[in-house]
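Thanks for making the time, everyone. I would like to walk through one model this morning, starting with its overall layout and then moving to the core and a few individual residues.

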Amino acid sequence: MSLLDDVAERDGWRCWVCDEPVDPDMSVNDPRGPSVDSRTADRKAKIAERLAHRGCNTRKGAVKVVIAWPERLHVAEPAPLITVAGRLERKGGREMVARCPTRQDAQDAADWLEDRFSRLTPDLPVTATVEAGGGQFLVVLSTGRR
């Protein structure tokens, strides 16, 4: 098996950048085709390679990847998720990642975050909780200390 197949099987044939499925039968030269990407320049990272669409991999180039929050979520001041993932991987603990106008909006964001982080940082169990504060609802990610 090639490195591409190994990485793709481990990642469940999902692009780590856009979180969309990657078609294993698509040409590696097609923008929606599979490619192996180095998620981080950190040599100490536990997962050095991740599966990405060729287009996602090319588009990010030397620019830092941004994991987009879905437009369907009603969040204010959403945190940059790659930065949050890095801090939680290094230090563990808790981090407030968004403010929401209603409890339901916050719960929707918390559910999405737990699902997204299960693929973004598969070796790091992350829990999302909703806390009331100041007339709004805060979404907090937490993990055990490393």
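Before I count anything, let me say that helices here are DSSP runs of H or I with at least four residues, that strands are runs of E with at least two, and that both are numbered from the N terminus. What you have in front of you is a predicted model, and on that definition the chain has four helices and five strands. If you read along the sequence, these elements follow the pattern α-β-β-α-α-β-α-β-β.

Some totals for the chain may help to set the scene. There are 146 residues, of which 42% count as buried, and the accessible surface comes to about 8,300 Å², with 50% of that belonging to carbon and sulfur atoms. As for contacts between residues at least 6 apart in sequence, 57% of them join residues at least 24 apart.

Let me turn to the interior. In soluble globular proteins, nonpolar side chains tend to be buried together. In this model, the largest nonpolar core has 37 residues, and those with the most contacts inside it are Trp69, Val97, Leu113, Phe117, Val139 and Leu141. At least two residues of this core are supplied by each of helix 1 (3–10), strand 2 (49–53), helix 3 (81–91), strand 3 (93–100), helix 4 (103–120), strand 4 (127–133) and strand 5 (136–143). Which element gives the largest share of this core? That is helix 4, with seven residues. With regard to the domain assignment, the core draws at least three residues from domain 1 (1–57) and at least three from domain 2 (79–141).

Helix 4 therefore deserves a closer look, and its geometry can be checked: its 18 residues should span 26 Å at 1.5 Å a residue, and its end C-alpha atoms are 25 Å apart, which agrees. The buried residues of helix 4 are Asp105, Ala106, Ala109, Ala110, Trp112, Leu113, Arg116, Phe117, Arg119 and Leu120, and what covers them includes strand 2, helix 3, strand 3, strand 4 and strand 5. Leu113 gives a concrete picture of this packing, since, leaving out residues up to four places away in sequence, Leu113 touches Trp69, Leu81, Val97, Val139 and Leu141.

Helix 3 can be described in a similar way. Its buried residues are Leu81, Val84, Ala85, Gly86 and Leu88, and these pack against strand 3, helix 4 and strand 5. After helix 3 comes Gly92, which has a positive phi near 70°.

I would now like to go through the loops, beginning with the one between helix 1 and strand 1 (34–38), where Gly33 is found. Is Gly33 buried or exposed? Gly33 counts as buried because its relative accessibility is 0%, against a cut-off of under 20%. Apart from residues up to four places away in sequence, Gly33 touches Val22, Met26, Ser27, Ala52, His53 and Arg54. The C-alpha atoms of Gly33 and Arg54 are separated by 5.5 Å, although the two residues are 21 apart along the chain.

Asp19 lies in the loop between helix 1 and strand 1 as well, and its phi is near 65°, a positive value in a residue other than glycine. Most residues other than glycine have a negative phi. At 10% relative accessibility, Asp19 counts as buried.

In the loop between helix 2 (54–60) and helix 3 we find His74, which is partly exposed, with a relative accessible area of 48%. Setting aside neighbours within four places in sequence, His74 is in contact with Arg99, Cys100, Pro101 and Asp105. The C-alpha atoms of His74 and Cys100, which are 26 residues apart along the chain, are separated by 6.2 Å. Glu77 lies in the loop between helix 2 and helix 3 too, and although Glu77 is not a glycine, it has a positive phi of about 50°. With a relative accessible area of 61%, Glu77 is exposed.

I will finish with the cysteines. How many disulfides are there? The count comes to zero, where a disulfide would need a pair of cysteine sulfur atoms within 2.5 Å. For Cys15, the nearest cysteine sulfur is that of Cys18, 3.8 Å away, and Cys15 is in no disulfide. Cys15 is buried at 1% relative accessibility, and Cys100 is buried with a relative accessible area of 2%.

Technical notes: Residues numbered from 1 in each chain as written. Predicted model: local features only at pLDDT ≥ 70, side-chain atom pairs only at ≥ 80, totals over all residues. Heavy atoms only, no water. Core = buried A, V, L, I, M, F, W, Y, C linked by side-chain atoms within 4.5 Å. Buried < 20%, exposed > 50% of the residue type's maximum accessible area, 1.4 Å probe, protein only. Domains from an automatic or database assignment. Contact = heavy atoms within 4.5 Å. Expected span 1.5 Å × (residues − 1). Areas by Shrake-Rupley, 256 points an atom, 1.4 Å probe, with all protein chains shown as cover.
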